[in-house]
Amino acid sequence: MPALIPTQFRGTVTWLGVQRRPVEKLEIFGEPVAEMPLTFAGFAPEVHAGLTRPSCSRVLAQHPRGTTIRNARQLCLVSAEDLAEIAARLGMERIDPAWLGASVVIAGLPDFSFLPPSSRLQGPDGVTLVVDMENRPCQEPAVTMAKATGGQGKAFKTAARGRRGVTAWVEREGTLRPGDSLVLHVPDQRVWAHLEAARTGAAG
């Protein structure tokens with residue numbers, strides 16, 4: 001019996017981008033690309049590509065910083081609708097996804113930043129991305145926006161809470177292009193009954 005269920009939910013790729021070099025002085029250097037050939041290591045020119053990566057602040061409770069771990073954050077996926085909402089909250093006309101170091105902007109999937117971990121997004125040629133987890137807002141996009149716009153976007157971290165998208169890794173190789181339709185597949189299991197207790201520390 002299949003462990004993952006194809007759903008009726010579909011998203012459309014509206015933008016693709018790459019961050020070719022690391023953040024410097026809290027500034028992100030992203031740029032658009034016309035297509036995205038993906039291997040098991042991610043998108044080759046992307047600074048976050050690779051089968052492994054050094055651990056960061058996101059997983060300090062599990063590993064000392066700099067520990068070599070499996071790379072489950074090869075890509076940064078964001079929602080077109082969430083970007084529009086963040087821009088509205090900031091009083092901006094639009095947000096350039098490159099300012100966030102986004103890899104893929106997807107339209108049409110509701111509550112995007114809370115897609116179940118281990119969900120799959122599958123493209124027309126079979127290319128498959130696995131959702132790792134919610135991508136929490138940080139200060140770098142705010143600094144990048146402010147430099148690009150002459151001061152706008154400084155409150156990004158607050159405005160983007162719950163709308164920053166997800167990190168993902170490549171399960172099946174293929175190529176993404178603007179206009180591609182991505183089918184959402186979700187795990188065929190209920191939510192763990194003790195999740196809230198584990199979050200609050202009540203389990204034990």
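**Figure 1. Surroundings of Thr-39 in the predicted model.** Beyond its neighbours within four places in sequence, Thr-39 is in contact with Val-170 and Glu-173. The model shown here and in the other views is predicted. Thr-39 belongs to the loop that runs between β3 and β4 (52-54). With a relative accessible area of 37%, Thr-39 is classed as partly exposed. Val-186 lies 147 residues from Thr-39 along the chain, and 22 Å separates the C-alpha atoms of the two.

**Figure 2. Overall fold of the protein.** The protein comprises four helices and twelve strands. Its radius of gyration is 17 Å, close to the 17 Å that the globule rule gives for 204 residues, so the protein is as compact as a globular protein of that length. Along the principal axes, the C-alpha atoms occupy a box of roughly 55 × 45 × 35 Å. Of the 204 residues, 44% are buried. The exposed area of the protein is about 10,700 Å², and 54% of this area comes from carbon and sulfur atoms. Among contacts with a separation of 6 or more, 71% join residues 24 or more positions apart.

**Figure 3. The largest nonpolar core and the strands that supply it.** This core has 24 residues, and those that touch the most other members are Met-36, Leu-38, Leu-75, Leu-77, Val-104, Leu-129 and Leu-176. At least two core residues come from each of β1 (4-19), β3 (36-38), β6 (75-79), β7 (104-107), β9 (128-134), β10 (166-172) and β12 (181-187). Separate from this set is a second core of 19 residues, with Cys-76, Leu-90, Val-105 and Ala-160 among its members.

**Figure 4. Contacts of Leu-77.** Which residues are in contact with Leu-77, leaving aside its neighbours within four places in sequence? The partners are Val-104, Phe-112, Leu-121, Leu-129, Arg-164, Gly-165, Val-166 and Ala-168. Two of these partners, Val-104 and Leu-129, are listed with Leu-77 itself among the residues of the largest nonpolar core that touch the most other members.

**Figure 5. Helix α2 and its cover.** Helix α2 spans residues 140-149, and its buried residues include Pro-141, Ala-142, Val-143, Thr-144, Met-145 and Ala-146. The cover over the buried residues of α2 includes helices α1 (80-90) and α3 (156-159). After α2 comes Gly-150, with a positive phi near 80 degrees.

**Figure 6. Met-145 within helix α2.** Met-145 is located in helix α2. Its relative accessible area is 0%, and Met-145 is therefore buried, the cut-off being under 20%. Not counting residues up to four places away in sequence, Met-145 touches Leu-90, Met-92, Ile-95, Trp-99, Leu-100, Gly-150, Gln-152, Gly-153 and Phe-156. One of these residues, Leu-90, is a member of the second nonpolar core, and another, Gly-150, follows α2. Trp-169 is 24 residues from Met-145 along the chain, with 26 Å between their C-alpha atoms.

**Figure 7. Strand β5 at Thr-68.** Strand β5 covers residues 68-70 and contains Thr-68. Is Thr-68 buried or exposed? Its relative accessibility is 59%, so Thr-68 counts as exposed, the cut-off being over 50%. Setting aside neighbours within four places in sequence, Thr-68 is in contact with Thr-52 and Arg-53. Thr-52 stands 16 residues away from Thr-68 along the chain, and the C-alpha atoms of this pair are separated by 6.4 Å.

**Figure 8. Two loop residues with positive phi.** Lys-25, a residue other than glycine, has a positive phi near 55 degrees. Lys-25 is placed in the loop between β1 and β2 (30-32). The relative accessible area of Lys-25 is 77%, and the residue is exposed. Asp-111, likewise not a glycine, has a positive phi near 55 degrees. The loop that holds Asp-111 lies between β7 and β8 (120-122). Asp-111 is exposed, with a relative accessible area of 56%.

**Figure 9. Arg-21 over the ring of Phe-29.** Arg-21 lies over the face of the Phe-29 ring, at 3.6 Å from the ring centre. How many aromatic pairs does the structure hold? The count of aromatic pairs is zero.

How values were computed: Residues are numbered from 1 along each chain as its sequence is written. This is a predicted model: local features need pLDDT of at least 70, side-chain atom pairs count only at pLDDT 80 or more; totals for chains, interfaces and linings use all residues. Side-chain values use heavy atoms; hydrogens and water are left out. Rings of Phe, Tyr and Trp (its six-membered ring) pair if their centres lie within 6.5 Å; planes under 30 degrees apart count as stacked, over 60 as edge-to-face and the rest as tilted. A charge sits over a ring if NZ of Lys or CZ of Arg is within 6 Å of the ring centre and within 35 degrees of the ring normal. The radius of gyration is taken over C-alpha atoms; the globule rule is 2.2 Å times the number of residues to the power 0.38. Buried means under 20% relative accessible area, exposed over 50%, partly exposed in between (1.4 Å probe, protein chains only). Contact means heavy atoms within 4.5 Å. Accessible areas come from the Shrake-Rupley method with a 1.4 Å probe; for residues, only the protein chains shown count as cover. A nonpolar core is a set of buried Ala, Val, Leu, Ile, Met, Phe, Trp, Tyr and Cys residues joined through side-chain atoms within 4.5 Å.
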